[in-house]
Amino acid sequence: MTERDYRAAFRTAVEQVRQEGRYRVFADLKRHCGAFPHATWTCDAGVEREVVVWCSNDYLGQGQNPIVLAAMQDAIATYGSGSGGTRNISGTNHLHVELEHELADLHGKDAALLFTSGYVSNEATLSSLYKILPGLIIFSDALNHASMIAGIRHGGGERRIFRHNDLEHLESLLKAAPADAPKLIAFESVYSMDGDISDLAGTVALAKRYGALTYLDEVHAVGMYGPRGAGVAARDGVMDQIDIVEGTLGKAFGVMGGYIAAASELVDAIRLYASGFIFTTSLPPALTAGALASVRWLKQHDEMRIRHQERAATLKRRFKEAGLPVMESSSHIVPVLVGDPVHCKLISDLLLADHGVYVQPINYPTVPRGTERLRFTPTPFHDDRMMDDLVRAMNGLWTRCNVKRMGGVAA
């Protein structure tokens with residue numbers, strides 16, 4: 001192929017996505033430190049406008065907590081910018097050790113291991129388990145995150161996919177598997193696109209019955225659930241029965257990075273086998289210090305979690321009262337169904353351009369075709385006035401764009 005042929009192939013691939021109405025455009029934002037969730041949006045023409053962000057994964061505004069910022073600034077002044085290497089080669093700062101101890105304590109586990117992101121922690125850990133446990137069969141929820149799917153596929157071993165949150169189907173697959181084969185059930189607590197929560201106790205019971213390990217992704221729950229922010233497993237009283245907890249530092253904790261927490265033998269084995277851990281530069285001191293301060297602070301501030309849940313419940317109620325098609329959600333996630341990729345992007349664009357409301361359209365492949373939606377993530381800092389403005393804008397656009405309301409009737 002010539003250079004022209006290659007370029008034409010790339011243009012064709014992009015155009016196909018564009019024609020399907022799911023071409024993604026980044027919103028150029030400047031967050032306002034100390035004024036979360038306000039930001040400045042720079043549009044294509046270079047004009048700046050003030051907006052309110054309604055789709056951030058900084059669920060508790062910890063990215064602007066003065067305690068977190070001070071810890072990061074102190075770390076830069078004390079240790080410099082980068083970590084200097086991989087964890088094995090000069091890149092283990094004492095802050096890494098402290099943070100791993102703090103995360104192990106948070107989840108009531110022997111040990112924890114830091115990764116550069118939640119994606120990497122899932123991919124590296126799940127793929128490595130196949131090396132450590134020959135003949136392993138992983139039983140994976142159908143709606144697990146792309147990083148979990150990537151890790152399972154990369155591991156190259158046997159896998160069984162069970163229907164989302166369907167414990168009867170999971171049990172049928174466990175029954176059919178060889179009794180003496182090592183097994184692991186991989187699932188999430190909060191599923192971030194639908195906002196539903198797994199039956200953790202039921203899954204644990206099946207794992208015990210069939211001799212399987214449990215691997216729980218709590219990235220959309222750590223910091224926000226449980227009395228100290230350890231997640232849904234802590235809230236539901238089953239944390240001690242979960243073998244591997246995986247979490248992120250880039251959502252409710254407001255910084256960046258991922259981790260696992262588990263028994264010391266398991267963590268040590270992953271540390272020695274996971275390429276995604278061994279061959280990458282470790283988190284810089286500033287990020288590690290910020291995460292450490294955030295985890296410690298949220299352990300002591302349950303009022304943030306209480307306020308967060310109240311804000312999410314209030315927004316769901318306000319949307320329903322306006323007749324907007326809020327999808328059922330038992331968590332802090334507030335998804336509103338649009339059902340068409342073109343309409344979904346159009347409403348998102350109009351909210352931003354005409355109303356100063358930023359919420360990203362969620363289209364295929366993130367969600368199945370026909371379930372395109374706007375995904376709102378209210379935080380403790382979204383006040384009633386912001387909700388008034390949002391509901392008024394959404395109500396008007398639903399009528400203007402003739403989108404179905406609750407009950408399946410178009411506006």
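Hi everyone, let's start inside a helix: Ser294 is found in helix 11, which covers residues 285-299. One thing to keep in mind throughout is that this is a predicted model.

So, is Ser294 buried or exposed? Ser294 has 0% relative accessibility, and because anything under 20% counts as buried, Ser294 is classed as buried. Leaving aside residues up to four places away in sequence, Ser294 touches Gln62, Val68 and Phe253. For a sense of distance, take Pro178, which is 116 residues from Ser294 along the chain. The C-alpha atoms of Ser294 and Pro178 are separated by 44 Å.

Now to helix packing, with two pairs to show you. The first pair is helix 4, residues 118-132, and helix 9, residues 264-273. Their axes are 10 Å apart, and the packing angle is about 100°. An angle from 65 to 115 degrees counts as roughly perpendicular, so that is the label for helix 4 and helix 9. Which residues meet there? From helix 4 we have Thr125, Ser128, Leu129, Lys131 and Ile132, and from helix 9 we have Ala269, Ile270 and Tyr273. By class, that contact has five nonpolar residues, two polar ones and one charged one.

The second pair is helix 6, residues 167-176, with helix 7, residues 200-209. Here the angle is about 10° and the axes are 11 Å apart. Angles under 35 degrees count as roughly parallel, so helix 6 and helix 7 get that description. On the helix 6 side you will find Leu167, Leu170, Glu171 and Leu174, and they meet Gly202, Thr203, Leu206 and Arg209 of helix 7. The residues in this contact divide into four nonpolar, two polar and two charged.

Let's move on to empty space. Rolling a probe the size of a water molecule over the atoms shows where such space is left. How many cavities of 30 Å³ or more does a search of the whole structure find? The search finds two.

The largest cavity has a volume of about 80 Å³. Its lining is made up of Arg87, His96, Leu114, Phe115, Thr116, Gly276, Phe277, Thr280, Ser282 and Leu283. Strand 4, residues 111-115, and helix 10, residues 275-278, are the elements that give two or more residues to that lining. Sorted by class, the lining has four nonpolar residues, five polar and one charged.

The second largest cavity comes in at about 40 Å³. Asp141, Phe162, Asn165, Leu167, Phe187, Ser198, Asp199 and Thr203 line this one. You may recognise two of those names: Leu167 and Thr203 also take part in the contact of helix 6 with helix 7. The class split for this cavity is three nonpolar, three polar and two charged.

Asn165 deserves a word of its own. Asn165 sits in the loop between strand 6, residues 158-162, and helix 6. Its phi is near 55°, a positive value in a residue other than glycine. At 30% relative accessibility, Asn165 counts as partly exposed.

Ser90 is another residue with a positive phi, near 70°, and again this is not a glycine. You will find Ser90 in the loop between helix 2, residues 66-79, and helix 3, residues 94-107. With 58% relative accessibility, Ser90 counts as exposed.

While we are on the backbone, most residues other than glycine have a negative phi, and most peptide bonds are trans. Where, then, are the cis bonds I want to show you? One runs from Phe36 to Pro37, with omega near 10°. Pro37 is in the loop between strand 1, residues 29-31, and strand 2, residues 38-42. Another cis bond links Tyr364 to Pro365, also with omega near 10°. Pro365 belongs to the loop between strand 13, residues 361-362, and strand 14, residues 373-376.

Last stop, a pocket. The second largest pocket has a volume of about 190 Å³. There are 13 residues in its lining, and the closest to its centre are His38, Val52, Arg385, Met386 and Asp389. Which element gives the most to this lining? Helix 14 does, with four residues. Strand 3, residues 48-53, and helix 14, residues 384-400, each supply at least two. By class, the pocket lining has six nonpolar, three polar and four charged residues.

Thanks for listening!

Terms used. Residues are numbered from 1 along each chain as its sequence is written. This is a predicted model: local features need pLDDT of at least 70, side-chain atom pairs count only at pLDDT 80 or more; totals for chains, interfaces and linings use all residues. Side-chain values use heavy atoms; hydrogens and water are left out. Axes are lines fitted to C-alpha atoms, for helices over the stretch in contact, and angles run from 0 to 180 degrees between N-to-C directions. Angles under 35 degrees count as roughly parallel, over 145 as roughly antiparallel, 65 to 115 as roughly perpendicular and the rest as oblique. Contact means heavy atoms within 4.5 Å. Ala, Val, Leu, Ile, Met, Phe, Trp, Tyr, Cys and Pro count as nonpolar, Asp, Glu, Lys and Arg as charged, and the others, Gly among them, as polar. On a 1 Å grid over the protein atoms alone, a cavity is a set of points where a 1.4 Å probe fits but cannot get out, and a pocket is an open set with protein on both sides within 12 Å along at least five of seven lines; lining residues have an atom within 4 Å of a point. Grid points are joined across faces, edges and corners, and a volume is the space filled by probe spheres set on the points. Buried means under 20% relative accessible area, exposed over 50%, partly exposed in between (1.4 Å probe, protein chains only).
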